[in-house]
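User: Please take a close look at one part of this model, the metal site, and then follow the chain outward from that site into its surroundings. A connected account would be preferred to a list.

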Amino acid sequence: MFVLRRVLQAFLVLFFLVTAGLYFIWYQLNPSPPDQQVFLNSMVLTMDQENPTAEAVLVEQGIIIAVGSEEAVLSQASPEAEHIDLAGKTLLPGFIEAHGHFPGSGLSAVAADLNSPPIGSTLSIKDALSELKVMGDATPEGEWIIGFGFDDTMILEKRFLSKEDLDQVSTEHPVAVLHISGHMVMINTLGLEIMGITHDSKDPTGGEIVRDSKGNITGLLKEKAQDPVVAKALNLSLPRIAEMLKKSQQEYLEKGVTTVQSGLTNIDKWKPLAFAARFGFFPQRLVIWPDISMADGILDGTVETTDSEKLTVGALKLVSDGSIQGYTGFLKEPYHQQEPDRDTDYRGYPTMTREKLQDIVTRWHASGRQLAIHANGDAAIDLVIESVAEAQQQSFRSDPRHILVHAQMMTDGQLKKSGALGLTPSFFPSHIYYWGDRHFNIFMGAKRAEHISPMRSAEELDVRFTMHNDTPVVPIDPMLLVENAVERKTSSGKELGVSQKISIESALRALTIDAAWQVFQEGNRGSIEPGKFADFAILEENPLAASGKLRNIQVAQTWIGGVKWFDRNQL
Ligand SMILES: [Zn+2]
């Protein structure tokens, strides 16, 4: 009896300690805001067209309850309300990532960064290989050595890495180098063996196992041929995932981003990600775009996707072509300058057949849900428009908000059709900055390059749009996006498509209220209005009255649900 009592006591103590420990962790991860907070002494850009500016904001338990002049707001606040003096800084709704792959940017914590300037420092094959070797030394036995951000058009040799190059990095580890476009991968001989790719392997539909002029496999895999490799190489261990999450959430906080997106999430990844978002392993709100592997489960109800304040499971993400700078964007006219082994009339290819695209678009649209379809080339954009038109014909919906992701070569005619069908583009104007010079000289030629990311046309045709960095394709940087949209300057300083410039106000809307609207979340975020989450980006300077470069305006603080998660003064 005595022993039993001792055991029971020990059990109770243990139970108490575990519960207290879990509560402590939960509280650390999810601090609650004070009852009331008044944000004062600020220039508030509300993104609410009825009341575009204000002086103060009153927040109650993480939700905005009043916006207006200091006098009006203070008169509604309780005497105990905490006063937050913003010292004249500008308060904006927290930025919303309209399209990206959170926490992909944290990959730099576990993989070699092979970006070339202006993002990184890789200038040659030699640079890339030595970075990979350094990463190889830190990679546990048997795991993949991963590199990312490699851009063949930016290095001295102007070519891809071959399997022979990568064999110099390691013959004991498989090596995978992700191309900056996200649409191709280069692997070493061991990697090919592990993936079962041999001389006799056939190209998968919508993909290429690239061969040299003698028919030998080079180690470069494009589009559908890269998918299994990426899935295998990025199947990281838990400690490596935790490192990625830690790194990426901080990068987003420092840029004032309060809603992040995992814009192509598969059936294996979505549950851990959703758990991490709900439990507060990162403070941002998360939007998941399921990929095709989740589609049937969502349609038949076996995949449960209830939304919460921290998590939205939204549009089904499909990919209809590749990337222009990877020569896999699907165009109506041939590329301006072709790669050496290509025919002169090569114009890229679709990654999904018309029939397959139509089938899933029709079924998904008829279920009342949203689609987000990647399309860069104008021929791919046509495919998307035609399939949505057909789906609308069969079951009309007045406001489906299907998203055309990137819409890089979208023509004015396509914008008009899209508006009528309820399609909304999310543009990637960083293309102008990072690839604009090469679009002009190499891929698209002058005329087409001037028209990439046609945001002014969209505005004039009354087609609501957003913009994104597609991080980790390029680093998360909302203010650089604003500058790209407003100035349309390439990284060498050349103006590209002056007639497509938009105003700073429009650009800010595309990152806040329009980005909330595009994912059906405009009721709870995207502007400073009563009833919405107190998610704020506090900027050092008002972008509408910026004295210098827009990209140099720093985020001073980032607040999510009334909790300050980032303060530049405390770095
Ligand atoms: Zn993407």
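Analyst:
**The zinc site and its surroundings**

Three residues coordinate the zinc ion: His99 through NE2, His101 through NE2 and Asp470 through OD, at 2.1 to 2.2 Å. Donors here are N, O and S atoms within 2.8 Å of the metal (3.2 Å for Na, K and Ca), and as water is not among the atoms, sites may look incomplete. The model is a predicted one, in which local features need pLDDT of at least 70 and side-chain atom pairs count only at pLDDT 80 or more, while totals for chains, interfaces and linings use all residues. Residues are numbered from 1 along each chain as its sequence is written, and side-chain values use heavy atoms, with hydrogens and water left out.

Along the sequence, the donor spacing is H-x1-H-x368-D. Distant parts of the chain are thereby linked: His99 belongs to the loop between β8 (95-96) and β9 (112-113), and Asp470 to the loop between β22 (466-467) and α16 (478-487), 371 residues apart. Helices (H or I, at least four residues) and strands (E, at least two) are DSSP runs, numbered from the N terminus. Both His99 and Asp470 are buried, that is, under 20% relative accessible area with a 1.4 Å probe and protein chains only, where exposed means over 50% and partly exposed lies in between.

The loop that holds Asp470 leads to α16. Of the 10 residues of α16, 9 are buried, so this helix is largely enclosed by the rest of the structure. The buried residues include Pro478, Leu481, Val482, Glu483, Asn484 and Ala485. Just after α16, Arg488 has a positive phi of about 45 degrees.

On the other side of the same loop, β22 spans 466-467. Met467 touches, among others, Ala98, Phe427, Met455, Leu481, Val482, Ala485 and Leu511, when residues up to four places away in sequence are not counted; contact means heavy atoms within 4.5 Å. Met467 and Val482 also belong to the largest nonpolar core, of 75 residues, where they are among those that touch the most other members, together with Phe95, Leu286 and Leu318. Such a core is a set of buried Ala, Val, Leu, Ile, Met, Phe, Trp, Tyr and Cys residues joined through side-chain atoms within 4.5 Å. Its largest share, 8 residues, comes from helix α11 (residues 378-394). Domain 1 (31-93 + 527-571) and domain 3 (239-525) each supply at least three residues to this core, the domain bounds coming from an automatic or database domain assignment. Apart from it lies another core, of 21 residues, including Leu107, Trp144, Met195 and Ile217.

The loop that holds His99 leads instead to β9. An open sheet of 6 strands runs in the order β9-β10-β11-β12-β14-β13, with mixed pairing. At its edges stand β9 and β13 (207-211), each with a single partner strand, so one side of each is left without a neighbour in the sheet. Strand β10 (residues 145-150) pairs with β9 in the parallel sense over 2 bridges, two strands being paired if DSSP finds at least two bridges between them. In this pairing, Ala112 has Gly147 in β10 as its bridge partner.
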